[in-house]
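Here are a few exercises to try with the model open beside you. Have a go at each task before reading its solution.

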Amino acid sequence: MVFSSIIFLCVFMPIVFIAYYLCPAKVRNLFLLLASLFFYAWGEPVYILVMLFSTVFNYFAGRLVMMFKEKLMPVKAKTTFIISIIIDTSILFFFKYTGFFIQIINSTGFSQIPLINIALPIGISFYTFQTMSYIADVYTGNAKAQKNIINFAMYVCMFPQLIAGPVVRYGQIEKEIYSRKLSSENTALGFQKFITGLGKKVIFANQAGALWEEISTVTASGNSVLLAWLGAIAYTFQIYFDFSGYSDMAAGMGQMLGFHFPANFNYPYQSKSITEFWRRWHISLSTWFKEYVYIPLGGSRKGFLRQTLNLFIVWTLTGLWHGAAWNFVIWGIYFFIILFIEKCFLLKLLDKIPKILCHLYAMFFIICGWIIFACEDLNSLGSYLKTMAGAGVPLINNYAMYKLYTNILLLLIMAVCSTKLPVYVLGKLAGRLKLNEIAGFWIRAVFTFIILITSMALLISGSYNPFLYFRF
Amino acid sequence: MKKSYKIYSAIMFLMLFIPGILVLIMPGRDFSANENRYLDKLPEINAQEIFSGELQEKVSDAFNDQFIVRDFMMGLSTSFKKTIGFKDIGGVYLAKDKYYIEKITDNDIKKDQFVQNLMHLSYFAEKQKAEVYTMLVPSPGTALNGKLPAFAPFYNPDSVYNTVNTILGKQGIIDLREVLGKSSNKNNNGNLYFKTDHHWTLQVAYAAYNEYCKTAGLKPQDYNSFNPVKVSGNFYGTLYSKVIDFTAEPDSIYAIQTSQTDNAELDCDGKKRTGIYDKEYLDKKDKYAYFFGGNYGRVDIKTGKNAGLELLVLKDSYANSFVPFLLKDYSQITMIDARYYNNSIIDITSSGNYDHILILYEINNFAGEKNIYKFIK
């Protein structure tokens, strides 16, 4: 089930939340687990078995690691830890990368393995990263193994962040698994956060996505530089509002359930460098790679060369995590190169030039990066980048003018809303008007009401509503 | 403060849940006249479909289609898109003066199909003893080009008509571009096509009739002598169904009233009838079907006029409001719509006794039509 659907909004969500509030505290985890399994099975009625296997396996692995540690048997603990990480990675590899891997082998020409068609279970990259973080936390002593399988399964399968993140590490919500406070404040504010996320997805991302979808299929004869850039900018907004919208919806529902999920996006398009961008984009994933790959590999402690290698590994893996295709590898390495250059000297240089130029510099490379991300076929990637650079196409054509003037308002609103500006201005305004807390709340409430109705209207009318996370 | 939080959450949950419950307990709607399509309904439970995920998709679709205030929500969605500055919705331009015009770009004209259709037509025409006339009506977006939104892409009609002339030659071609151009200049309201529907209006069908008479050597009559009357002032057509817009204005349908329109004997795919109009449709959504009761594979018309000539029309629905003008010029008219006709068309012409054959399609319809091969089957 996806959050941006009428069946989720009008049936699943009210039933599950109302029942959850009525549940005695003792059985809330069980109830949440069952609801989550239903939620997942709705879209993956068969592959739910993979998730259940992964859950049960990691539950026992965690307990084993814990037991060996308590019995002071570090070798056995380490062996169990390594084996379980290998098995987790193998499951992910099998479902996600087998096809890609066979293609690579076949392309060397030594063999011709027939391609097998394995569908990717939704959310496998997210829950596998969660279970691996759990095993690692137990092994390193950052968390205690969960003894209750229901609690553990609830952590792995919890529906708000199951299919599109954020990657919630076990240690982050360990306490809340045992006891969490429900309050009318958390419910109301969580609801508002959820609806803000829904609006980001349905009102912004889907409209931007429709624009990108249309432009990305334009052939060379009808294209122009302006049109290609409009498409690239549209995709840049689509992916941000889609992804951060999903994260907001997850965090909002988490809050309604009494959890506090880590922040996942912090106005990434406000960045003045790519280094800063990656501190603000998909934070839970970057943190995961930092904590569980970069630092264990030695981080920056083993000299410049080793650090560079570590960064290279992290960014290649980050690229691959986003999808099993060459463009994602290129995308990861693209950011490795920019980050490396920034680390060497560019950051110091950027410090000295006007801020606006830093923003332009960062946005330019972010936008180009998204085109690499969007074009899975390397030929179309090449031709799209060429069009953006102006090779063989006019600067402006009629079609571009049409798309520009019918979308400029949307693009401007999205540009403003992807920065902190609206929050800042509205906050100032509320201060000026000396609004009390209740009035401020109800103004936001009316606003969420409008967003909800508009989003539902767009969903019901069958407007473009893609699901971007099927390859994650 | 706590009270505010509670009230707010309660309102939001109810706002979501009440429509959900209503979809579950209310009997489903089968057809949306407004959108002119069948709606998805909640499916029967079936284990196999659960495991393939099909059932879940059907349920999700049904919730969209059966949503209680669906029509209102559709309009709201359109209002939002208009406010944000969009000028086309669902493949339809929101044109000036409240016109809705189908968006057809160069990419939408399927060149291969078009050329193949013209070849079929050319072959068909060569085999005929009768005079063959071809009238490919300009698309609304061509004739009403000035009403399209600024910079709106639309296909280039010149290259399309050049293709027609190259393959068919000029013999028997009735090109309406100039006539429609004049009518749209003369009368700035356009009034060439319906505002909410993809068909042409009676006035412009009359202009086409005039051109046809000139080419076929018939004597055209004055417009008013046909006694045109307004039969409906509340027509929301197919383009409206694609957009669903609160601010749309309904069209009026005019039809001519002569002794032939009332007394002609019709055989519509075996169903016999007197009079060419079907009043029932004036109370329904699809009011254009007032003309001949919509599209049939084959309609044989005994006009009751002893004019001595017989006509075969191979056509799409544009012909339905055009053919009434010709009832007084022919004793017998046969209309064939290739989409719904599965027998050999070339057989009809060899066994029949037709003096004239008219091919009448809106040009984009003709270009994309997959049934033209039936002309020569």
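**Exercise 1.** Work out how strand E11 (residues 298–302) of chain B and E13(B) run relative to each other, parallel or antiparallel.

*Solution.* Start with the bridges: five of them join E11(B) to E13(B), and the two run antiparallel. Strands here are DSSP runs (E, at least two residues; helices are H or I, at least four), numbered from the N terminus, and two strands pair if DSSP finds at least two bridges between them. For one register point, look at Asp300(B), which sits opposite Thr334(B) of E13(B). This is a predicted model, where local features need pLDDT of at least 70, side-chain atom pairs count only at pLDDT 80 or more, and totals for chains, interfaces and linings use all residues. Residues are numbered from 1 along each chain as its sequence is written, with chains lettered from A and ligands numbered from 1 in the order in which they are written.

**Exercise 2.** Find the sense in which strand E12 (residues 310–315) of chain B pairs with E13(B), then explain why E13(B) is largely enclosed.

*Solution.* E12(B) pairs with E13(B) in the parallel sense, over five bridges. Val313(B) has Met335(B) as its bridge partner there. Next, burial: four of the five residues of E13(B) (332–336) are buried (20 or more other C-beta atoms within 10 Å of their own, C-beta atoms being placed from the backbone), so the rest of the structure largely encloses the strand.

**Exercise 3.** Describe the side of chain A that touches chain B.

*Solution.* Count first: 42 residues of chain A are in contact (C-beta atoms, placed from the backbone, within 7 Å) with 36 residues of chain B. H19(A) gives the largest share of chain A's side, 11 residues.

Conventions. Contact = placed C-beta atoms within 7 Å. Buried ≥ 20, exposed ≤ 12 C-beta atoms within 10 Å, placed from the backbone.
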